[in-house]
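Student: Could you take me through the sheet in this one, strand by strand? I'd like a close look at how the strands pair and what packs on them.

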Amino acid sequence: MFEKTEALKKLFTEKVAKATATSDIEQLRIEFLGKKGSVQALMQELRNVPNEGKKEAGQKINEAKQYIENAITEKIAELKKFEEQKLIEATESYDESMPVSVDYGSYHPITLVRREVEQIFLSMGFSVEDYSEITDDYNCFEALNIPKHHPARDMQDTYYLSSNQLLKTHTSAAQNTILRKYKSNLENGNPIRAIFPGRCFRNEKIDACHENTFFQMEGIMVDENISISNLIYFMKTMLSEVFQKDITVRLRPGFFPFVEPGFELDIQCLICGGDGCPSCKDSGWLELCPCGMIHPNVLTAAGIDPEKYTGFAFGLGMTRLAMMRYGVKDIRVFNSGNLKSLSQFTEKSFTNPSNESKEA
């Protein structure tokens with residue numbers, strides 16, 4: 001049996017060396033390892049081997065089988081790499097500097113609205129901060145006065161990861177980090193003024209005005225003697241700049257554990273003019289901005305003395321703001337990937353990237 005297994009390995013080595021394509025390797029696999037292949041034939045011959053020699057003969061056959069399997073794996077990897085290289089070399093070359101006449105595309109409507117709002121708040125002295133889409137339970141809930149098992153968590157069912165982290169349900173998850181980052185500003189007599197836009201995720205039932213993935217922009221301002229009137233001023237200024245006209249708004253009481261008192265800032269639906277439509281659930285109003293005065297527990301969690309400092313916070317719905325700006329009746333349009341639908345709402349499409357900023 002030793003001579004037969006060695007002869008089989010030698011024969012396979014000669015044939016695999018001549019293989020020039022992965023299809024050739026498949027034929028060799030069938031020939032040597034298939035149900036009617038050479039290795040199986042040797043296994044059949046084991047019945048003719050004396051009992052005292054069966055164990056050693058079986059080991060030799062298994063060694064030959066393992067040798068062939070390893071050689072096939074290595075040869076396939078080698079041939080695939082060779083075929084990929086041939087494909088690369090055969091690819092037609094092109095001149096990267098050649099001008100093109102096709103349209104390069106346009107910005108997403110939410111991107112346009114986000115950049116415009118950022119510029120408005122920058123002009124009012126706010127900084128623009130960034131924050132990860134993946135966070136932990138402490139920053140998303142506990143640091144915002146939402147302890148474990150608090151019923152307020154039911155409003156923000158999200159997606160949990162195996163690493164014990166989660167996808168943030170609101171841009172408020174960045175509050176603790178941003179407050180700590182700029183806490184020294186207060187000690188130097190300067191207010192904390194920051195906005196932090198980002199994508200949020202919730203396990204929501206999807207309809208015309210709800211999505212499981214949406215964009216918000218959180219804003220905070222902390223200093224001595226900050227009041228609700230400051231909040232109303234900044235929000236009214238921002239909305240009038242975005243829509244280039246006076247917007248009818250209303251404040252109504254709303255419960256959010258991280259603000260006290262808390263409000264819902266609604267705008268009169270610009271799609272139906274207040275008459276009622278699916279986008280505003282036939283109410284004539286669209287919830288745009290949960291807001292309020294930052295809860296003392298939230299300031300304390302960030303190491304800020306709530307007896308000395310107060311502040312406001314708001315969570316601006318960028319997706320809903322884009323709906324109002326462009327008259328989009330269904331929120332699902334924004335995540336649809338339908339370029340024909342999305343491009344009709346944009347105002348800054350471009351054809352020559354050399355005339356635009358590098359932020360395409």
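Tutor: Strand 7 (residues 259-268) and strand 8 (residues 285-294) run antiparallel and are joined by eight bridges; strands here are DSSP E runs of at least two residues, helices are H or I runs of at least four, and both are numbered from the N terminus. To count as a pair, two strands need at least two DSSP bridges between them. One bridge to look up is Gly262, whose partner in strand 8 is Gly292. Keep in mind that this is a predicted model, where local features need pLDDT of at least 70 and side-chain atom pairs count only at pLDDT 80 or more, while totals for chains, interfaces and linings use all residues. Residues are numbered from 1 along each chain as its sequence is written, and side-chain values use heavy atoms, leaving out hydrogens and water.

Now zoom out: the open sheet has seven strands in the order 1-4-5-9-8-7-6, with mixed pairing. Strand 1 (127-128) and strand 6 (249-253) are at the edges with a single partner strand each, so one side of each has no neighbour in the sheet.

Next, strand 5 (213-223). Strand 5 pairs antiparallel with strand 4 (residues 192-201) over 10 bridges, and Arg193 has Met221 of strand 5 as its bridge partner. Strand 5 also runs antiparallel to strand 9, with eight bridges; there, Ile220 is bridged to Ala313 of strand 9. Of the 11 residues in strand 5, 10 are buried, meaning under 20% relative accessible area with a 1.4 Å probe, protein chains only.

As for helices, helix 9 (residues 228-243) lies across strands 5, 6, 7, 8 and 9, at about 30° to strand 9 (310-317).

Conventions:
Contact means heavy atoms within 4.5 Å. Axes are lines fitted to C-alpha atoms, for helices over the stretch in contact, and angles run from 0 to 180 degrees between N-to-C directions. Buried means under 20% relative accessible area, exposed over 50%, partly exposed in between (1.4 Å probe, protein chains only).
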